[in-house]
Amino acid sequence: NRFISGENVNKTNIFLNETKLKSLDPFCRNEQHTKELPLSDKNGNYLISDQYPPIIIKRYVLPTNPLKPGDYKFSSQDAWDEAKGNLSLNEAQGYYIYRNNRLIDWGGWFKTKKIDEHDKLARACIDLTDDHDDLFKVDVSKTHIQLPEELKNHLKDNVNAKFIAEAKKRYAGSENNKSLVKNAVREKSK
């Protein structure tokens, strides 16, 4: 997507059977209600050691289904459907890992948490360079990557908590202290 859109790199046109492909931004930043959750400089430019450049981390909470009641929705059903790409929205939640601006792994939480229906609006970008290859055990074909334990712990302790809470609030329709979802079964049993 970065090469087609020209984000951080020279723009490239890619054609398939004479049809020009368009860029798909997994963070849906062109949507009015996509929310970026900034990190502190220390947490967003995470330095494992002076031997490697910082790992850049950005977090986003996507809008909700346009058919769902409430605010902060996608602009259209087509935009909602497009946001999942080739995955389900549940599979598309989690981390998107770029190496030198090339998306090499996407969706999932890399064992920092489990996939949860209520978190499907949460996505984060992790940017690496080729200097990180040995640290992340990136293979020659760029099809396998393994997050270092230190980074997993950083993500669990310093990145996920507020991020996941915001995604859950938006999913439930309770963002900005709007009406909270009530559990009718639990209320009857009281």
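L67 sits in the loop that links β5 to α3 (77-83), where helices (H or I, at least four residues) and strands (E, at least two) are DSSP runs numbered from the N terminus. At 69% relative accessibility, L67 counts as exposed, given that exposed means over 50% relative accessible area, buried under 20%, and partly exposed in between (1.4 Å probe, protein chains only). L67 and Q77 are 10 residues apart in sequence, and their C-alpha atoms lie 7.6 Å apart in space.

A word on the model itself: it is predicted, so local features need pLDDT of at least 70 and side-chain atom pairs count only at pLDDT 80 or more, while totals for chains, interfaces and linings use all residues. Residues are numbered from 1 along each chain as its sequence is written, and side-chain values use heavy atoms, with hydrogens and water left out.

Stepping back to the whole chain, there are six helices and eight strands, laid out along the sequence as α-β-β-β-α-β-β-α-α-β-β-β-α-α. Of the 190 residues, 41% are buried. Among contacts (heavy atoms within 4.5 Å) with a separation of 6 or more, 64% are between residues 24 or more positions apart.

Strand β5 (55-61) is mostly covered, with five of its seven residues buried. It has several partners, where two strands pair if DSSP finds at least two bridges between them. With β8 (122-128), β5 pairs in the antiparallel sense over six bridges, and here I56 stands opposite D127 of β8. With β4, β5 shares two bridges, again antiparallel; Y46 has I55 of β5 as its bridge partner. β3 and β5 also run antiparallel and are joined by two bridges, with K35 opposite V61 of β5.

Helix α5 (residues 149-172) is not straight: at N160 it bends by about 55 degrees, the bend being the angle between axes fitted to the seven residues ending there and the seven starting there. N160 itself is among the buried residues of α5, a set that also includes L151, L155, V159, F163, I164 and Y171. Charged side chains turn up in that buried set too, including K152, E166 and R170 (Lys and Arg count as positive and Asp and Glu as negative; His and the chain ends are not counted). The buried residues of α5 pack against β5, and also against β3, α2 (41-44), β4 (45-46), β6 (94-99) and β8. After α5 comes G173, with a positive phi near 80 degrees.

E31 lies in the loop between β2 (19-20) and β3 (35-36). E31 is buried but has no salt bridge, and the nearest side chain of opposite charge, R170, is 9.1 Å away; a salt bridge would need a side-chain nitrogen of Lys or Arg within 4 Å of a carboxyl oxygen of Asp or Glu. A polar atom of the E31 side chain does, however, lie 2.8 Å from the backbone nitrogen of S75. Leaving aside neighbours within four places in sequence, E31 is in contact with S75 as well as P63, K73, F74 and A79.

Finally, the loop between β6 and β7 (102-106) holds N100 and also N101. N100 has a positive phi of about 50 degrees although it is not a glycine, and N101, also a residue other than glycine, has a positive phi near 70 degrees. As for exposure, N100 is partly exposed, with a relative accessible area of 33%, whereas N101 counts as buried at 16% relative accessibility.

Conventions: A polar contact is a pair of N or O atoms within 3.5 Å; within protein, one must be able to donate a hydrogen and the other to accept it, and residues adjacent in sequence count only if both atoms are side-chain atoms.
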